[in-house]
Amino acid sequence: MTQTFTVTGMTCGHCEKAVTRAIQDADPQAQVKIDRSQNKVEVESTQARETLAKAIAEEGYAVAA
């Protein structure tokens, strides 16, 4: 299932890696695509949306949707 999140606070490649790592800690099989210029994070995962959003937020980034 593909889910798209609006994530603010990502300013560099390190931020992208941190968000990707947080998502993959929640679901090691997750496929993550990040468009930093659009603040979009697209995740292909079987995990619940809330689980993935919590993982991103715990990494220190705001999840708007």
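**Exercise 1. How many disulfides does a search of the whole structure find?** Explain the result for Cys 12 and Cys 15 in this predicted model.

*Solution.*
Step 1. The search of the whole structure gives 0 disulfides.
Step 2. Recall the cut-off: a disulfide requires two cysteine sulfur atoms within 2.5 Å.
Step 3. Apply the cut-off to Cys 12. Its closest cysteine sulfur belongs to Cys 15 and lies 3.5 Å away, which is too far for a bond.
Step 4. Repeat the check from the other side. For Cys 15, the closest cysteine sulfur is that of Cys 12, again at 3.5 Å and too far for a bond.
Step 5. Add the surroundings of each residue. Cys 12 is partly exposed, with a relative accessible area of 30%, whereas Cys 15 is buried, with a value of 7%.

**Exercise 2. Determine the order of the strands in the sheet, and state which strands stand at its edges.**

*Solution.*
Step 1. Begin with the general principle: strands of a sheet pair through backbone hydrogen bonds, in either a parallel or an antiparallel manner.
Step 2. Here, 4 strands form an open sheet in the order β2-β3-β1-β4, and the pairing is antiparallel.
Step 3. Read off the edges. β2 (31–35) and β4 (62–63) each have a single partner strand, so one side of each is left without a neighbour in the sheet.
Step 4. Examine β1 (residues 2–8). It is joined by 5 bridges to β3 (residues 40–44); Thr 4, for example, has Glu 42 in β3 as its bridge partner.
Step 5. Turn to the pairing of β1 with β4. These strands are joined by 2 bridges and run antiparallel, and Thr 8 stands opposite Ala 62 in β4.

**Exercise 3. Describe how each helix lies across the sheet, and identify what supplies the largest nonpolar core.**

*Solution.*
Step 1. Place helix α1 (residues 13–26): it lies across β2 and β3, at about 155 degrees to β2.
Step 2. Place helix α2 (residues 49–58): it lies across β1, β3 and β4, at about 25 degrees to β1.
Step 3. Consider the core. The largest nonpolar core has 14 residues, of which Phe 5, Ile 23, Val 41 and Tyr 61 touch the most other members.
Step 4. Trace its sources. At least two residues of this core come from each of β1, α1, β3 and α2, and α1 provides the largest share, 4 residues.
Step 5. Take Ile 23 as an example. Apart from neighbours within four places in sequence, Ile 23 is in contact with Ala 30, Val 32, Val 41, Val 43, Leu 52 and Ile 56.

Conventions
Residues are numbered from 1 along each chain as its sequence is written. This is a predicted model: local features need pLDDT of at least 70, side-chain atom pairs count only at pLDDT 80 or more; totals for chains, interfaces and linings use all residues. Side-chain values use heavy atoms; hydrogens and water are left out. Buried means under 20% relative accessible area, exposed over 50%, partly exposed in between (1.4 Å probe, protein chains only). Two strands pair if DSSP finds at least two bridges between them. Contact means heavy atoms within 4.5 Å. Axes are lines fitted to C-alpha atoms, for helices over the stretch in contact, and angles run from 0 to 180 degrees between N-to-C directions. A nonpolar core is a set of buried Ala, Val, Leu, Ile, Met, Phe, Trp, Tyr and Cys residues joined through side-chain atoms within 4.5 Å.
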